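Here are my notes on the model, set out as numbered points for your consideration. Please read them with the structure open beside you.

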Amino acid sequence: NPITQLWTEEYLNRRAPNVEVYTTTGVSYSIAYARNTRVILMVMSGNSPACAKAVPMLNQLRSEYALGQLLILAVSSDKPVVVDAFVQRTAPKFPVGTASFLPEPYADAQVKPTFFIIDRTGFIEKILIGSQTLAQLRAVARGKP
C-alpha cells in the first residue's frame with residue numbers, strides 16, 4: 001500500500017517517542033529506559049487473531065536473546081480487561097499492557113499488529129505492518145549486520 005509505505009518512511013531513522021507500558025502484572029516499562037537494547041514494540045489489539053498468532057513467535061525470540069539484548073513489549077489501547085483476557089489466552093513471555101497515552105507514530109498504527117523496531121540508540125529502524133513470520137521477526141531482532 002503506497003500510503004502505508006509513505007507513513008512508515010516518514011518515521012524511519014527518527015528518535016522513537018517514549019511510551020510507558022503498564023503491564024497486566026502491574027509493572028511499567030518505558031522505551032526511554034531501554035537504551036543500549038534493541039526493542040520490538042508490538043502495537044496490538046486484544047481481539048486480533050493476528051496479534052494472538054504473533055505471541056508464540058515473540059515468545060520464541062524472547063528465549064533466544066538475553067534480556068539486555070532484546071526487549072519485547074506489546075502495547076494496546078484496549079481496556080485493561082481486554083488485555084488481561086489476551087494475556088490469559090496467549091501466555092506471552094514478554095510484557096503486555098496498556099498505555100495511558102500512545103504518541104505518534106504508535107497511535108497511527110491502523111493494522112494490528114504493527115511492529116516498531118527500535119535500535120540500541122533509540123531510533124526507529126524498521127516498521128513491520130501486519131502478520132509476520134518467525135524468520136522476519138528474527139531478522140529484525142538481529143538488526144543490521
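Which residues have the most contacts inside the largest nonpolar core?

1. The model is a predicted one, and the points below should be read in that light. Its largest nonpolar core has 24 residues, and those with the most contacts inside it are Ile40, Leu58, Leu61, Val96 and Phe115. Two or more residues each are given to this core by strand 3 (38-44), helix 2 (49-64), strand 4 (70-76), helix 3 (80-90), strand 6 (114-118) and helix 4 (134-142), with the largest share, six residues, coming from helix 2. Apart from this core lies another, of 21 residues, which includes Tyr11, Val19, Val75 and Phe116.

2. Ile40 deserves a careful look. Leaving aside neighbours within four places in sequence, Ile40 is in contact with Leu58 and Leu61, with Leu70, Leu71, Ile72 and Leu73, with Phe115, Phe116 and Ile117, and with Leu137, Val140 and Ala141.

3. Phe115, which lies in strand 6, is buried, with a relative accessible area of 1%. Its contacts, again leaving aside neighbours within four places in sequence, include Ile40, Leu41 and Met42, as well as Ala54, Leu58 and Leu137; among the others are Lys126, Ile127, Leu128, Gly130 and Gln132. The C-alpha atoms of Phe115 and Leu73 are separated by 9.7 Å, although these residues are 42 apart along the chain.

4. Strand 4 merits a point of its own. Seven of its seven residues are buried, so strand 4 is largely enclosed by the rest of the structure. In a regular strand the side chains alternate between the two faces of the sheet. Here both faces are covered, since the buried residues comprise Leu70, Ile72, Ala74 and Ser76 on one side, and Leu71, Leu73 and Val75 on the other.

5. The pairing of strand 4 can be followed on both of the partners described here. With strand 3, strand 4 pairs in the parallel sense over seven bridges, and Met42 stands opposite Ala74 in strand 4. The chain crosses from strand 3 through helix 2 to strand 4, and this β-α-β crossover is right-handed. With strand 5 (residues 96-98), strand 4 again pairs in the parallel sense, over three bridges, and Val75 stands opposite Gly97 in strand 5.

6. Two links between these points may help in checking the model. Helix 2, through which the chain passes between strand 3 and strand 4, is also the element with the largest share of the largest core. Val75, on one side of the buried strand 4, is among the residues of the other core, of 21 residues.

Methods. Residues numbered from 1 in each chain as written. Predicted model: local features only at pLDDT ≥ 70, side-chain atom pairs only at ≥ 80, totals over all residues. Heavy atoms only, no water. Core = buried A, V, L, I, M, F, W, Y, C linked by side-chain atoms within 4.5 Å. Buried < 20%, exposed > 50% of the residue type's maximum accessible area, 1.4 Å probe, protein only. Helix = DSSP H or I, 4+ residues; strand = E, 2+ residues; numbered from the N terminus. Contact = heavy atoms within 4.5 Å. Pairing = 2+ DSSP bridges. Right-handed = clockwise from strand over helix to strand, strands pointing away.
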